[in-house]
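Please look through the structure below before reading on. The paragraphs that follow begin with one helix and its surroundings and then turn to the core and to two individual residues.

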Amino acid sequence: MVPIPEFIVELRRHIGHSLLWLPAITAVVIRDHHVLLVQRSDNHAWTPITGIVEPGENPADCAVREVLEEAGIEAVARRLAWVHVTRPIVHVNGDHAQYLDHVFRMDWLSGDPFPADDESVQARWFDLAELPDMPEDMHRRIAYADSGNHTAATVFETQTP
């Protein structure tokens, strides 16, 4: 199971499984024409690195930290590629959450990928033209990060009741 940050554990003591709104990152690390993906331990989906921004932490710093913690890779955030609101989700443990996701285009600096913590079972490079099956929203995150557009995209999606 993916570890829960201590500040969220403390919040959950007060609100239980109720919906929690959180800032998050997706770090799309690109080297040549390859993207770093991890296979998550909770649902076995292949995704770019994702994580929750700690209180007081800059989202770009969070992206750098998460890449190192989850895949053992040193990377630098080059640009903000997309800001969007995820759909509400229910985690395996019953916690409800919704995220303001900051997608960063990251450049590889050093290291070979490996599952550096228990959040992932695999970490490896994939050719951008030959991505594994993954949720469509993850494909969108990679596409925005890999695009030549240097302006961050913002998408507002309204939820239907």
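## A helix and what surrounds it

The cover over the buried residues of helix H2 includes strands S1, S2, S4 (49-52), S5 (74-85), S7 and S8. This is a predicted model, and everything described here should be read with that in mind.

Helix H2 has 13 residues, and from its first C-alpha to its last it reaches 18 Å, close to the 18 Å expected at 1.5 Å a residue. Its buried residues are Cys-62, Ala-63, Glu-66, Val-67, Glu-70 and Ala-71. Because these residues cover an arc of only 135° around the axis, they are on the same side of H2. The spacing behind such a pattern is a general one: an α-helix has 3.6 residues a turn, so residues three or four places apart point the same way.

The two ends of the helix can be followed in turn. At the N-terminal end, Asn-58 acts as a cap of H2, with a side-chain oxygen 2.7 Å from the backbone nitrogen of Ala-60, while after the helix comes Gly-72, whose phi is positive, near 70°.

From the helix we can move to the core. The largest nonpolar core has 17 residues, of which Leu-36, Val-67 and Met-106 touch the most other members. Two or more residues each are given to this core by strand S1 (20-31), strand S2 (34-40), helix H2 (59-71), strand S7 (96-110) and strand S8 (120-127), and the largest share, four residues, comes from H2. In soluble globular proteins, nonpolar side chains tend to be buried together.

Leu-36 shows how such a core residue is surrounded: leaving aside neighbours within four places in sequence, its contacts include Val-29, Ile-49, Val-67, Ala-71, Ile-73 and Trp-125. Apart from this core lies another, of 15 residues, among them Trp-82, Met-138, Ile-142 and Ala-145.

Two charged residues complete the tour. Glu-57 lies in the loop between S4 and H2, where its side chain reaches the backbone nitrogen of Glu-54 at 2.9 Å; not counting residues up to four places away in sequence, Glu-57 touches Ile-52, Cys-62 and Arg-65. Arg-105, in turn, is found in strand S7, and a polar contact of 3.1 Å joins its side chain to that of Asp-107. Beyond neighbours within four places in sequence, Arg-105 is in contact with residues including Val-28, Ile-30, Val-76, Ala-145 and Asp-146.

Terms used: Residues are numbered from 1 along each chain as its sequence is written. This is a predicted model: local features need pLDDT of at least 70, side-chain atom pairs count only at pLDDT 80 or more; totals for chains, interfaces and linings use all residues. Side-chain values use heavy atoms; hydrogens and water are left out. A nonpolar core is a set of buried Ala, Val, Leu, Ile, Met, Phe, Trp, Tyr and Cys residues joined through side-chain atoms within 4.5 Å. Buried means under 20% relative accessible area, exposed over 50%, partly exposed in between (1.4 Å probe, protein chains only). Contact means heavy atoms within 4.5 Å. The expected span of a helix is 1.5 Å times one less than its number of residues. The arc is that of the directions from the helix axis to the C-beta atoms. A polar contact is a pair of N or O atoms within 3.5 Å; within protein, one must be able to donate a hydrogen and the other to accept it, and residues adjacent in sequence count only if both atoms are side-chain atoms.
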